[in-house]
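Grab a pencil and work through these exercises with the structure open beside you. Try each task before you read its solution.

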Amino acid sequence: MDFYEILDQVIDLLKQRGRPSYRALKVQFKLDDESLEALKDELVAVHQLARDQDGRMLVWTGEASTTPEPPIVQSAQQEVRREDQPTPVEALPAGLRSPEAERRQLTVMFCDLIDSTKLS
């Protein structure tokens, strides 16, 4: 595998993982110290897609990855109604996004028991 093939794979890895360590890159791609330094220079100085953090890892600074969400698998017993579908959210302008931000699904359940006010 030549240098630019490894570079493309490392860029893909950076997009997915966000911050791989140099040690992991050396193991994954069987790199020696000189090859790792050349790769680091290419990503940090030339393409400006990553930055060095504490001399231990690369941190992705390129565009945010838009990984597709996994499809929802439903059984035959489940019925999907339009009102149950999440409403689309407009994307924030690039200047307002935080690269460390993440979205999480939150499920809230409310239970009301008869005469429970007296218990509290």
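Let's start with a term: a residue is buried if its relative accessible area is under 20%, exposed if over 50%, and partly exposed in between (1.4 Å probe, protein chains only). You're looking at a predicted model, where local features need pLDDT of at least 70, side-chain atom pairs count only at pLDDT 80 or more, and totals for chains, interfaces and linings use all residues. Residues are numbered from 1 along each chain as its sequence is written, and side-chain values use heavy atoms, with hydrogens and water left out.

**Exercise 1. Find which pattern the protein chain follows along the sequence.**

Step 1: Mark the helices (DSSP runs of H or I, at least four residues) and strands (runs of E, at least two), numbering them from the N terminus.
Step 2: Count them up, and you get four helices and two strands.
Step 3: Read them in order: α-α-α-β-β-α.

**Exercise 2. Sort out the two faces of helix α2 (residues 22-29).**

Step 1: Pick out the buried residues, which are Tyr22, Leu25 and Phe29.
Step 2: Check their directions from the helix axis to the C-beta atoms. They span an arc of only 60 degrees around the axis, so they sit on the same side of α2. Here's the background: an α-helix has 3.6 residues a turn, so residues three or four places apart point the same way.
Step 3: Turn to the face away from that buried side, and you'll meet the exposed residues Arg23, Val27 and Gln28.
Step 4: Ask what the buried residues of α2 pack against: α1 (3-17), α3, β1 (50-53) and β2 (57-60). Contact here means heavy atoms within 4.5 Å.
Step 5: Peek just past the end of α2, where Lys30 has a positive phi of about 50 degrees.

**Exercise 3. Decide whether Lys40 counts as buried or exposed, and work out where its charged end sits.**

Step 1: Locate Lys40 in helix α3 (residues 33-46).
Step 2: Its relative accessibility is 17%, so Lys40 counts as buried.
Step 3: Skip the neighbours within four places in sequence, and Lys40 is in contact with Tyr22, Ala45, Asp52 and Leu58.
Step 4: Look at Tyr22 again: the charged end of Lys40 sits over its ring, 4.6 Å from the centre. The rule asks for NZ of Lys or CZ of Arg within 6 Å of the ring centre and within 35 degrees of the ring normal.
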